[in-house]
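Me: Here's the sequence with its model. Please take a close look at one part, the stretch I point to at the bench, and then tell me how it fits with everything else.

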Amino acid sequence: GTPASSGGSENLRLMMFGSLACIQHEIHRLHLKNYAEPNDWSRPLPTQQPDEVMVILTKRCHRA
């Protein structure tokens, strides 16, 4: 997509790679810090690495 002009908002995507257990722990930790709801993350997707998955979080970035 096209970045929004100054003062607007745009999508920000964060990606996490690791074991499913570690990712679930980190998603829970970020939820406790009110950063993101657990259901806001994508479902875990396998990577080409053994025992590794990837999840993606898309948030709105509101700039001043």
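Reply: Asn39 is exposed, with a relative accessible area of 76% (exposed is over 50%, buried is under 20%, partly exposed is in between, with a 1.4 Å probe and protein chains only). Asn39 sits in the loop between α1 and β2. Here helices are DSSP runs of H or I with at least four residues, strands are runs of E with at least two, and both are numbered from the N terminus. From C-alpha to C-alpha, Asn39 is 9.4 Å from Leu57, and the two are 18 residues apart in sequence.

Before going on, the ground rules: this is a predicted model, where local features need pLDDT of at least 70 and side-chain atom pairs count only at pLDDT 80 or more, while totals for chains, interfaces and linings use all residues. Residues are numbered from 1 along each chain as its sequence is written, and side-chain values use heavy atoms, with hydrogens and water left out.

Staying in that loop between α1 and β2, you'll also find Asn34. Asn34 isn't a glycine, yet it has a positive phi of about 60°. Most residues other than glycine have a negative phi. Asn34 counts as exposed because its relative accessible area is 73%.

There's a similar story in the loop between β2 and β3, where Asp51 is placed. Asp51 has a positive phi near 60°, again in a residue other than glycine. The hairpin of β2 and β3 has six residues between the strands, and Asp51 is exposed at 74% relative accessibility.

Now step back to see what these loops connect. The chain has one helix and three strands, and along the sequence they follow the pattern β-α-β-β. The strands make an open sheet in the order β1-β3-β2, with antiparallel pairing; two strands pair if DSSP finds at least two bridges between them. At the edges are β1 (9-18) and β2 (45-46), each of which pairs on one side only.

β1 and β3 (residues 53-62) run antiparallel and are joined by 10 bridges. Among the bridge partners, Asn11 goes with Arg60 in β3, and Glu10 goes with Cys61. On the other side, two bridges join β2 to β3, also antiparallel, and Leu45 has Met54 as its bridge partner in β3.

Cys61 deserves a glance, since it lies in strand β3. It is partly exposed, at 26% relative accessibility. If you skip neighbours within four places in sequence, Cys61 is in contact with Gly8, Ser9, Glu10 and Leu12, where contact means heavy atoms within 4.5 Å. Its C-alpha is 9.5 Å from that of Arg13, and those two are 48 residues apart along the chain.

Then there's the helix. α1 (residues 20-32) lies across β1 and β3 and runs at about 140° to β1; axes are lines fitted to C-alpha atoms, for helices over the stretch in contact, and angles run from 0 to 180 degrees between N-to-C directions. On the inside, Ile27 touches Met16, Pro38, Trp41 and Val55, not counting residues up to four places away.

Ile27 also belongs to the largest nonpolar core, which has nine residues: Met16, Ile23, Ile27, Leu30, Ala36, Trp41, Val53, Val55 and Leu57. α1 and β3 each supply at least two of this core's residues. Such a core is a set of buried Ala, Val, Leu, Ile, Met, Phe, Trp, Tyr and Cys residues joined through side-chain atoms within 4.5 Å. Leu57, the residue I set against Asn39 above, is one of the nine. Across the whole chain, buried residues make up 17% of the 64 residues.

One last side-chain detail: Lys59 lies over the face of Tyr35, 3.8 Å from the ring centre. A charge sits over a ring if NZ of Lys or CZ of Arg is within 6 Å of the ring centre and within 35 degrees of the ring normal.

And for the chain overall, residues 24 or more positions apart account for 60% of the contacts with a separation of 6 or more.
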